[in-house]
Amino acid sequence: MEEHESGFELTQQQGTAWVIRMWWPTGPLTGGPQRIIIEPAEEATPRDVARGISTTVLRRLDLPAAMKLAEQAPELQRTMEGVGQKIDQAGLAAGRELARAGVSELYLSLLAATYKSMADMGAPAPIPWLSRLIGRRPETVKDHLKRARRDGYLTTIAGKAGGDLTDKAMAALNAFTESGDD
């Protein structure tokens, strides 16, 4: 669940091809979502996307499960706001480090940690979010994440966003934290 435009959004993944986002306004829950967006998943193959959204995808939309989660929205939303703010702060710190020192060890570690946090919380599109925070195009952020993996700051999980921070990344982050910088 994510705060979004004076409301909150729930996301469901349908197979590997589609991500379904459902939006409710903030306030008392009076029914189903007011907006549903279906878009290709990051890992979708061009072949699956070219086939379009099938009736099977629509039938598998789990509105009862989404409604059950939406009913818990006020307490979940407060928790998610706090997590989202911390992730935003980490992403902004990565952007500041990129502006200050370029694609440095610390920047790659901050980028990897922020990306991992986004993926761990189930963000449906971490790259565009990270791109906005850092102030770079999504393609650039993807290239930097590839470099973070290649240079040993972030592991790979086949077919999924995220990964684990390596000892190398943790050491850079610990040194940054101990120095008292932001």
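**Exercise 1. The residue after helix α5**

Task: In this predicted model, state which residue follows α5 and what is notable about its phi.

Solution. Step 1: The residue that follows α5 is Gly122. Step 2: The phi of Gly122 is positive, near 85 degrees.

**Exercise 2. The span and surroundings of α5**

Task: Compare the reach of α5 with the expected value, and determine whether α5 is largely enclosed or largely open to the outside.

Solution. Step 1: Helix α5 has 16 residues. Step 2: From its first C-alpha to its last, α5 reaches 22 Å, which is close to the 22 Å expected at 1.5 Å a residue. Step 3: A residue counts as buried when its relative accessible area is under 20%. By this criterion 13 of the 16 residues of α5 are buried, so the helix is largely enclosed by the rest of the structure.

**Exercise 3. The nonpolar cores**

Task: Identify the elements that build the largest nonpolar core, and name the residues in it that touch the most other members.

Solution. Step 1: In soluble globular proteins, nonpolar side chains tend to be buried together. Step 2: The largest nonpolar core of this model has 26 residues. The members touching the most others are Tyr107, Leu111, Met118, Leu130, Ile134 and Leu145. Step 3: Two or more residues are given to this core by each of α4 (73–101), α5 (105–120), α6 (126–134), α7 (138–150) and α8 (167–179). Step 4: Helix α5 supplies the largest share, nine residues. Step 5: A second, separate core holds 14 residues, among them Phe8, Ile20, Ala44 and Val57.

Task: List the contacts of Tyr107, leaving aside its neighbours within four places in sequence.

Solution. Tyr107 is in contact with Ala94, Glu97, Leu98, Gly102, Ile134 and His144.

**Exercise 4. A buried loop residue**

Task: Locate Ala17, decide whether Ala17 is buried or exposed, and find what Ala17 touches.

Solution. Step 1: Ala17 lies in the loop between β2 (7–14) and β3 (18–25). Step 2: The relative accessible area of Ala17 is 8%. As this value is under the 20% limit, Ala17 is buried. Step 3: Not counting residues up to four places away in sequence, Ala17 touches Glu39, Pro40, Ala41, Ala44 and Asp48. Step 4: Pro40 is 23 residues from Ala17 along the chain, yet their C-alpha atoms are separated by 5.7 Å.

**Exercise 5. Two helix residues**

Task: Classify Ser131 and Lys142 as buried, partly exposed or exposed.

Solution. Step 1: Ser131 belongs to helix α6, and Lys142 belongs to helix α7. Step 2: Ser131 has a relative accessible area of 8% and is buried. Step 3: Lys142 has a relative accessibility of 44%. The partly exposed class lies between 20% and 50%, and Lys142 therefore counts as partly exposed. Step 4: Not counting residues up to four places away in sequence, Ser131 touches Arg136, Arg137, Pro138 and Val141. Step 5: The C-alpha atoms of Ser131 and Gly91 are separated by 8.8 Å, with their positions 40 residues apart along the chain as the separation. Lys142 and Ile127, 15 residues apart in sequence, are 7.1 Å apart, C-alpha to C-alpha.

**Exercise 6. Rings and charges**

Task: Determine how many aromatic pairs the whole structure contains, and which charged residues sit over the rings of Trp23 and Tyr153.

Solution. Step 1: The search finds zero aromatic pairs. Step 2: Over the ring of Trp23 sits the charged end of Arg35, 4.7 Å from the ring's centre. Step 3: Over the face of Tyr153 lies Lys168, at 4.6 Å from the ring centre.

**Exercise 7. The chain and its confidence**

Task: Describe the order of the elements and state which have the lowest and highest mean pLDDT.

Solution. Step 1: The chain has eight helices and four strands, in the order β-β-β-β-α-α-α-α-α-α-α-α from the N terminus. Step 2: Buried residues make up 37% of its 182 residues. Step 3: The mean pLDDT of the chain is 86, and 88% of the residues reach 70 or more. Step 4: Strand β1 (residues 2–3) has the lowest mean pLDDT of the elements, 50, and α7 has the highest, 97.

Methods
Residues numbered from 1 in each chain as written. Predicted model: local features only at pLDDT ≥ 70, side-chain atom pairs only at ≥ 80, totals over all residues. Heavy atoms only, no water. Core = buried A, V, L, I, M, F, W, Y, C linked by side-chain atoms within 4.5 Å. Buried < 20%, exposed > 50% of the residue type's maximum accessible area, 1.4 Å probe, protein only. Contact = heavy atoms within 4.5 Å. pLDDT = per-residue confidence, 0-100. Expected span 1.5 Å × (residues − 1). Phe/Tyr/Trp six-rings, centres within 6.5 Å; stacked < 30°, edge-to-face > 60°. Lys NZ or Arg CZ within 6 Å of the ring centre and 35° of its normal.
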